[in-house]
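Here are a few exercises to work through with the model open beside you. Try each task on your own before you read its solution.

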Amino acid sequence: HRDGPPWRDRLHERERWAALLEWHGIEADPLDIRLNAPRQPSPVPAATVLHVGAAYGSRLWPAERFAAVASALAVAGHNVVFTGGSGERERALEVCRLSGQSEHAVLAGRLGLGEFAATIAAARLVISADTGAAHLASAYGTPSVVLFGPAPPEIWGPPPGPHIVLTRAELRRGDTFAHRPDPALLAVTVQDVLA
């Protein structure tokens, strides 16, 4: 019994929120999602960021695959760093070890929010599941490869821009809170990401 626009299924969340604002007389553009770059400089400008964590197991791409991507990118001349929250530091260390990189490349659990945002804003490339790092990459216009599992990118995906979405929608279970990775995410290969 609340005022608001009528609910429309299969509407991208950016469009849903813009419609809600417009319903209340506030102009909103669903593609106006840009944030100003942080004033704080990045501790690793032009790095390639592999954000290896996610809030739920359904969005965790296998550590071995992240490591294979990191190894290939390092060989190609990328300065690869591994990000995540403090609770994801062990996973980031594992990916780093598997990739053969120095532990100095693991920034997970070492960056404050401002440093993390600056790292994403100044990155050469961000590779992440559908999580906060990917959303920041969208907001800063940083090129990204976003791995989708349980959530459909047509509803939650990045805006047009330098962003590549990888998933296998026909395999999606769609259980966001599952402990195991969604089959749509597991179907994404190392070669898919590198391509």
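**Exercise 1. Strand partners**

Which residue of E4 does Ser-128 stand opposite?

Solution. Some ground rules come before the steps. The model is predicted, so local features need pLDDT of at least 70 and side-chain atom pairs count only at pLDDT 80 or more, while totals for chains, interfaces and linings use all residues. Residues are numbered from 1 along each chain as its sequence is written, and side-chain values use heavy atoms, with hydrogens and water left out.

Step 1: Find the elements; helices (H or I, at least four residues) and strands (E, at least two) are DSSP runs, numbered from the N terminus. Strand E3 covers 125-129 and strand E4 covers 144-147.

Step 2: Look for pairing, which requires that DSSP finds at least two bridges between two strands. E3 and E4 run parallel and are joined by four bridges.

Step 3: Read across from Ser-128, and you arrive at Val-146 in E4.

Step 4: Check the faces of E4. In a regular strand the side chains alternate between the two faces of the sheet. Ser-144 and Val-146 point one way, Val-145 and Leu-147 the other, and all are buried (under 20% relative accessible area; exposed is over 50%, partly exposed in between, with a 1.4 Å probe and protein chains only).

**Exercise 2. The largest core**

Find which element gives the most residues to the largest nonpolar core.

Solution. Step 1: Collect the members. A nonpolar core is a set of buried Ala, Val, Leu, Ile, Met, Phe, Trp, Tyr and Cys residues joined through side-chain atoms within 4.5 Å. The largest has 27 residues, and Leu-50, Trp-61, Phe-82, Ile-127, Leu-147 and Val-193 touch the most other members.

Step 2: Sort by element. H2, E2, H3, E3, E4 and helix H8 (190-194) each supply at least two residues, and H2 gives the most, with six.

Step 3: Zoom in on two of those residues. Leu-50 of strand E1 is buried and stands opposite Phe-82 in E2.

**Exercise 3. Salt bridges across the sequence**

For the salt bridges of Glu-154 and Asp-130, identify the partner residues.

Solution. Step 1: Apply the criterion, a side-chain nitrogen of Lys or Arg within 4 Å of a carboxyl oxygen of Asp or Glu. The structure holds five such bridges.

Step 2: Glu-154 pairs with Arg-10, their closest N and O atoms being 2.8 Å apart. This pair links helix H6 (residues 153-156) to the segment before helix H1 (13-23), 144 residues apart. Glu-154 is partly exposed at 43% relative accessibility, whereas Arg-10 is exposed at 57%.

Step 3: Asp-130 meets Arg-59 at 3.6 Å, N to O. Arg-59 lies in the loop between E1 and H2 and Asp-130 in the loop between E3 and helix H5 (132-140), so the pair ties together parts that are 71 residues apart in sequence. Asp-130 is buried, with a relative accessible area of 5%.

**Exercise 4. A buried acid**

Determine how far Asp-182 is from the nearest side chain of opposite charge.

Solution. Step 1: Locate Asp-182 in the loop between strand E5 (163-166) and helix H7 (183-186).

Step 2: Assign charges: Lys and Arg count as positive, Asp and Glu as negative, and His and the chain ends are not counted. Asp-182 is buried yet has no salt bridge, with Arg-173 the nearest oppositely charged side chain at 4.7 Å.

Step 3: Turn to the backbone. The nitrogen there in Arg-173 lies 3.2 Å from a polar atom of the Asp-182 side chain.

Definitions and conventions:
A polar contact is a pair of N or O atoms within 3.5 Å; within protein, one must be able to donate a hydrogen and the other to accept it, and residues adjacent in sequence count only if both atoms are side-chain atoms.
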